[in-house]
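Work through these exercises with the model open beside you. Try each task before reading its solution.

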Amino acid sequence: MDWKEVLRRRLATPNTDPNKQPKLSGVKQDCEKKSEQELKDEEMDLFTKYYSEWKGGRKNTNEFYKMIPRFYYRLPAEDEVLLQKLREESRAVFLQRKSRELLDNEELQNLWFLLDKHQTPPMIGEEAMINYENFLKVGEKAGPKCKQFFTAKVFAKLLHTDSYGRISIMQFFNYVMRKVWLHQTRIGLSLYDVAGQGYLRESDLENYILELIPTLPQLDGLEKSFYSFYVCTAVRKFFFFLDPLRTGKIKIQDILACSFLDDLLELRDEELSKESQETNWFSAPSALRVYGQYLNLDKDHNGMLSKEELSRYGTATMTSVFLDRVFQECLTYDGEMDYKTYLDFVLALENRKEPAALQYIFKLLDIENKGYLNVFSLNYFFRDEIFDMVKPKDPLKISLQDLINSNQGDTVTTILIDLNGFWTYENREALVANDNENSADLDDT
């Protein structure tokens, strides 16, 4: 008989004798005695056990994560003096090592000698050229420090329209010099990066410029008592243009990318022309001019400027409504402006074509803080003719981007904030006619 049939009959026959009831296995009896929660706990323990065994069996295939380098290091707290000192010293050692990797003057002279020796004729006028084959030969002889400059990418970058496929030796050498200077400057700035995060705070940049002053011959005539005002004047330009969100810090990369550092280091030139000094914000004449204007405006000699004192700025033609907005939006102390706030004001008005300056003035013109200038805002300062000049995307409001895109930002802001600017704009046709008449009179004589 088939065992399935035996089992079916056995189950179909009732057995009422308790003594003849089949006994449950020990496991089943234990299960009946256990509560539901105990069973769940046991199940979870078994799952954890088997999962751990399974994961352990895959250990060799999951070890790659151990090769990921650590990318976050907590900065030491202020009270962790030893850790702070260790971090400071390690950064100094790192920067010294980076500095040793740069070409020194002797190595640069040797590089120039090799380039001149391997020039490829014919010359273009007086300019020596070099082809790619000789370029690579120089790279092999110049040493390991120069290896980064002798690449196909650099050669292609400097290759222009030479029919022989050559590049200018002078242009290449200037390229190397510029790269070396950028790295030197970055290392120099990084020494003042107290936080070690790739940016400079205002106090860091002040220390950098203060220690830079003795190395700039064009500043030899400055009195030491004026140093603090000069440093404030110089630092303010960096932060006004490079820190538009007013975070109180600037990326070192941004400092290197802009032209301000070039202007500052231009003061190393002992023969810098008078015209160049007058147009250079960092020159001694420029700094003395700005500070002198501030002192002349300060009639009560309290070191601060009131709204009435500031109204005499320039040609004393700024509108009263604009001055009201200046003192509403800018940082003041008991209703008066300090030198640092004054510098922001001057930088904005003297650079009205720059986005940072337009942002400064736009904030003053946006009296409702809506992020755009509507008819009400402009009527508050002037008339609807402004819309015709700017031609905004929305005919009822002017955004900052509209002002920048119009290329009329300096004219518009001058009209809105300066009575003399308004008069000049209103009488522009008459002024042009007068200029033409004066030119004709000169021609007749």
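**Exercise 1. Locate His-301 and say what is unusual about its backbone.**

Solution.
- Start with the position: His-301 sits in the loop between helix H14 (284–297) and helix H15 (307–310).
- Read phi next. It is near 55 degrees for His-301, a positive value in a residue other than glycine.
- Check the cover. This is a predicted model, and in it His-301 has a relative accessible area of 67%. Exposed means over 50%, so His-301 counts as exposed.

**Exercise 2. Carry out the analysis for Asn-407: where does it lie, and is it buried or exposed?**

Solution.
- Asn-407 belongs to the loop between helix H21 (400–405) and helix H22 (409–417).
- Its phi is positive, about 60 degrees, although Asn-407 is not a glycine.
- The relative accessibility of Asn-407 is 66%, so it counts as exposed.

**Exercise 3. Find the cis peptide bond that involves Pro-122, and place that residue.**

Solution.
- The cis bond joins Pro-121 and Pro-122, with omega about 0 degrees.
- Pro-122 lies in the loop between helix H5 (105–117) and strand S1 (129–130).

**Exercise 4. Trace the network of salt bridges that contains Arg-236.**

Solution.
- Begin with Arg-236 and Asp-344. They form a salt bridge, and their closest N and O atoms are 2.8 Å apart.
- This pair links distant parts of the chain: Arg-236 is in helix H10, Asp-344 in helix H17, 108 residues apart.
- Now test the cover. Buried means under 20% relative accessible area. Arg-236 has 7%, so it is buried. Asp-344 has 12%, so it is buried too.
- List the contacts of Asp-344. Beyond four places in sequence, it touches Arg-236, Phe-240 and Tyr-360.
- Move to Lys-340 and Glu-202. Their side chains meet in a salt bridge of 2.9 Å, N to O.
- This pair also links distant parts of the chain: Lys-340 is in helix H17, Glu-202 in helix H9 (residues 202–212), 138 residues apart.
- Lys-340 has 32% relative accessibility, so it counts as partly exposed.
- Put the pieces together: Glu-202, Arg-236, Lys-340 and Asp-344 are linked in a network of salt bridges.
- For the whole protein, the count comes to 16 salt bridges.

**Exercise 5. Describe helix H10 and its part in the largest nonpolar core.**

Solution.
- Take the span first. H10 has 16 residues and reaches 23 Å from its first C-alpha to its last, close to the 22 Å expected at 1.5 Å a residue.
- Then take the cover. H10 is mostly covered, with 14 of its 16 residues buried.
- Turn to the core. It holds 84 residues, and those touching the most other members include Tyr-230, Phe-238, Leu-310 and Tyr-342. The largest share of this core, eleven residues, comes from H10.
- Look at one member. Beyond four places in sequence, the contacts of Leu-310 include Met-318, Phe-327, Tyr-342 and Phe-345.
- A second, separate core has 23 residues, among them Leu-108, Leu-111, Phe-135 and Ile-169.
- The general background: nonpolar side chains tend to be buried together in soluble globular proteins.

**Exercise 6. Determine which residues Phe-229 touches beyond four places in sequence.**

Solution.
- Phe-229 lies in helix H10 (residues 227–242).
- Its contacts at that separation are Tyr-291 and Tyr-339.
- Phe-229 and Tyr-339 are 110 residues apart in sequence and 8.8 Å apart in space, C-alpha to C-alpha.
- Phe-229 has 30% relative accessibility, so it counts as partly exposed.

**Exercise 7. Which residues form the nonpolar surface patch with Phe-47?**

Solution.
- Phe-47 is in helix H3 (residues 36–57).
- With 51% relative accessibility, Phe-47 counts as exposed.
- The patch consists of Met-44, Phe-47, Tyr-51 and Trp-54, which together have about 480 Å² of accessible area.
- Helix geometry is the background here: an α-helix has 3.6 residues a turn, so residues three or four places apart point the same way.

Note on methods
Residues numbered from 1 in each chain as written. Predicted model: local features only at pLDDT ≥ 70, side-chain atom pairs only at ≥ 80, totals over all residues. Heavy atoms only, no water. Helix = DSSP H or I, 4+ residues; strand = E, 2+ residues; numbered from the N terminus. Buried < 20%, exposed > 50% of the residue type's maximum accessible area, 1.4 Å probe, protein only. Contact = heavy atoms within 4.5 Å. Expected span 1.5 Å × (residues − 1). Core = buried A, V, L, I, M, F, W, Y, C linked by side-chain atoms within 4.5 Å. Patch = residues over 30% accessible without salt bridge, like charges linked within 9 Å, V, L, I, M, F, W, Y side chains within 5 Å. Areas by Shrake-Rupley, 256 points an atom, 1.4 Å probe, with all protein chains shown as cover. Salt bridge = Lys/Arg side-chain N within 4 Å of Asp/Glu carboxyl O.
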